[in-house]
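Please open the model in your viewer and keep the selection panel at hand. The tour below moves from one selection to the next and says what can be found at each.

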Amino acid sequence: MVDVDLSQPPFTFLNEEGRERVRNGIDLAYFDRDEIILETGQPGEYVFLIHKGEVAELDTTQPGARERIGHYTAGDLFGAISILNGKSRYRFRAEQECLCYLMPKALFLQLCDDYPAFAEFFRQTLAHKARLLTEQRAEGGVTMAGFMLAKVSECMRPPLCMGADTTIAEAVARLHESHADSLLVESSGGVGMVTKTDLLEALVLQGREKGSPLQDIAHFELVTVRPDQYLFEVLVMMTRHKVERVVVLERGEERAPPIGVVELTDVLSYFSSRSYVVSLQVEQADSLEDLFRASRRTPELVKALMAQGVKLRFAMGLLAALNGRIMSKAWSFLIDERYHAESCLMVMGSEGRGEQILKTDQDNGLILADGLEWPDVGAQMQRLTETLIELGYPPCPGNIMVSNPEWVGSVSQWRERIARWAEKRDGDSLMKLAIMLDSHAVAGNPALLDRVRQSLFEQCSRDEILLSYFARTALRFSTPLTLFGSLKKPQHGIDIKKGGIFPIVHGVRTMALERGIKPTSTLERLEALSADGRLEARVAENLAEALSLFTELRLKQQLERLDGDIVSKSPDRVVVQQLSSLERDLLREALHIVKDFKQSLSQRYHLEYS
């Protein structure tokens, strides 16, 4: 029996008996430097698991400089696809002296038959493999299946419905009898909702009679969800919309009859993570001091979500909503209410895209309604900046903050700035256009921002020369792959932000500008570009998963820095040598996706001639 490490996927999809069959059925083979281990077109006879050495994967149909498409090191395996497809599509050559474990074809196929999850691993895309990595990282507590895959249908209550002409007295009796906190009101104009609080206010504060109809006090602007949506999405929606109840409609159709109600207490009791504690603390904060205490707990929340294997997209959604609520609360404490309807506080950069997990430098600005008189706006914005610093959002090194008059202005002034930036097209102007393109309202009147962003699209989306200048920045940083397609391995690590995250974010941002796509999230932009036909669905999915992988690897570094486990000059650097075999495999594949995307951008915007 061979002593081999089988603690990594795909062997984790086998039980102990299956792993024992592997140990008893494999042999160890030696390959000399430059020896061909598996030739193009050769029938697959073995799965190779590298014990020592390095192996190159070569596409013999490509010219010499481009033929190397993969690089494998200790712990990696190859040859499985050759068995499943009947022959090898590529050549595998030893880069140095190698020792490989050989699993015979018969044993491999038998394991595939006996363990479907093991077989499925070899047919998966980057998206599927990334999900495996997420699940593999879950450390006890709520599992990903229990935490992330719970659906609305598993948590909703049956709807308690009454007619619009039902009296307040009848509604109170029904709620008391049912031990419920709310009921739905069915009328010709749609479905509304009445809560115990609504009934109490109607009787005590508004002085309504007990015989008054529910039609007069019901709320008809409801937040609705589908029964097949993830429960975690509902938590994000409740946080963003500041509601404690959502109505479940079949298929999500507006006129469909309600089939259930989900209350915040139901969602919170379902999850054992502590995310809801932070959410509630933010919502219940009655002073800046309370808000400071709640805000300081967000890193704790991030760690809990990551430890429980929560998919990064949902974690980003919740944190973006929470950060937005924290800033909105700070705004409400500091800014006189008379200015709220005629001003808009916007966040930009990764915060504007909803892609920032941990708090980073402030990127914010202020839009004022034309004609608004606000004499001490400068002093108020300085105070807001200082408060956000206390809340854990460091000042922006580039001074892109509301305390800087350059990032405060009326709707007309912002439109003039955008026109000037679009005309100049220099590096600084293009950066400011990109910043504004990612802007998202967190307080005040979002309609003001909508007007400004509409001007940006009208000014820029049809300007081919501007788009070419704009897109060129996506190629600014090199992809950290060697000439032969393997991962670069500098001792200080590769910059995952410059080499992976930025090209995707800015490339997709450019395409969204061209197509007039309004969402700011890169993932939402990818979905819209796919629906629009501008990107193939497969390409959009791969770019989304590559971005999620890069972001998660970067976040892992940031969390280790917070804990004091590593000392690094930059949280954006990932040391390849410290990654697991699966992480290296995913990172290499993701960077090749970035490389291909940059090539397509270069062709679309004619950057090869610039």
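What follows is a series of stops, beginning with the whole chain and then turning to particular residues.

**The whole chain**

Before selecting anything, bear in mind that this is a predicted model. With the protein chain shown as a cartoon, you are looking at 24 helices and 20 strands. Of its 610 residues, 54% count as buried, and the accessible surface comes to about 27,900 Å², with carbon and sulfur atoms accounting for 48% of that area. If you switch to a contact map, then among the contacts between residues at least 6 apart in sequence, 71% join residues at least 24 apart.

**The largest nonpolar core**

Next select Trp-374, Met-381, Phe-550 and Leu-587, which touch the most other members of the largest nonpolar core, a set of 130 residues. Helix H14, residues 312-334, supplies the largest share of this core, with 13 residues. A second core, separate from this one, has 22 residues, among them Phe-11, Met-103, Phe-118 and Ala-119. In soluble globular proteins, nonpolar side chains tend to be buried together.

Now centre the view on Met-381 and show what surrounds this residue. Leaving out residues up to four places away in sequence, Met-381 touches Trp-331, Ile-335, Leu-366, Trp-374, Val-402, Ser-403 and Val-408.

**Helix H20 and the helices around it**

Select residues 464-472, which make up helix H20, and colour Leu-466, Leu-467, Ser-468, Phe-470 and Ala-471, since these are buried. Which helices do the buried residues of H20 pack against? Adding residues 411-424, 427-437, 446-460 and 496-515 to the display brings up the partners, namely helices H17, H18, H19 and H21.

**Helix H8, inside and out**

Move to helix H8, residues 196-204, and turn on a surface representation; this helix gives the most to a nonpolar patch, with three residues. The patch on the surface is formed by Val-172, Leu-200, Leu-203, Val-204 and Leu-205, and together these residues have about 480 Å² of accessible area. Leu-205 sits in the loop between H8 and strand E12 (224-225), and Leu-205 is exposed, with a relative accessible area of 68%.

Is Ala-202, by comparison, buried or exposed? Ala-202 also has its place in helix H8, but Ala-202 is buried, at a relative accessible area of 0%. Apart from neighbours within four places in sequence, Ala-202 is in contact with Ile-168, Gly-207, Arg-208 and Ile-217. A distance label drawn from the C-alpha of Ala-202 to that of Leu-214 should read 9.9 Å, for a pair that is 12 residues apart in sequence.

**Charged pairs**

The count of salt bridges comes to 25. Start with helix H1, residues 16-25, where Glu-16 and Arg-19 lie three residues apart, about one turn of the helix. These two form a salt bridge whose closest N and O atoms are 3.5 Å apart. Glu-16 is also bridged to Arg-23, and there the closest N and O atoms are 3.1 Å apart. Glu-16 counts as partly exposed at 44% relative accessibility, whereas Arg-19 is buried at 17% and Arg-23 is buried at 16%.

Then select Arg-245 and Glu-263, another salt bridge, with 3.5 Å between the closest N and O atoms. Arg-245 belongs to strand E13 (residues 245-249) and Glu-263 to strand E14 (residues 258-263), so this pair ties together parts that are 18 residues apart in sequence. Both Arg-245 and Glu-263 are buried.

To finish with the charges, display Arg-353, Glu-355, Asp-438, Arg-509 and Arg-525 together, as these are linked in a network of salt bridges.

**The cysteines**

How many disulfides does the structure hold? The number is zero. Select Cys-100 and Cys-98 to see why Cys-100 is unpaired: the cysteine sulfur closest to that of Cys-100 is the one in Cys-98, at 5.3 Å, which is too far for a bond. Cys-100 counts as buried, at 0% relative accessibility, and a last selection, Cys-460, shows a residue that is also buried, with a relative accessible area of 1%.

Technical notes
Residues are numbered from 1 along each chain as its sequence is written. This is a predicted model: local features need pLDDT of at least 70, side-chain atom pairs count only at pLDDT 80 or more; totals for chains, interfaces and linings use all residues. Side-chain values use heavy atoms; hydrogens and water are left out. A nonpolar core is a set of buried Ala, Val, Leu, Ile, Met, Phe, Trp, Tyr and Cys residues joined through side-chain atoms within 4.5 Å. Buried means under 20% relative accessible area, exposed over 50%, partly exposed in between (1.4 Å probe, protein chains only). Helices (H or I, at least four residues) and strands (E, at least two) are DSSP runs, numbered from the N terminus. Contact means heavy atoms within 4.5 Å. Patches are made of residues with over 30% relative accessible area and no salt bridge: like charges are joined within 9 Å, nonpolar side chains (Val, Leu, Ile, Met, Phe, Trp, Tyr) within 5 Å. Accessible areas come from the Shrake-Rupley method with a 1.4 Å probe; for residues, only the protein chains shown count as cover. A salt bridge is a side-chain nitrogen of Lys or Arg within 4 Å of a carboxyl oxygen of Asp or Glu. A disulfide is a pair of cysteine sulfur atoms within 2.5 Å.
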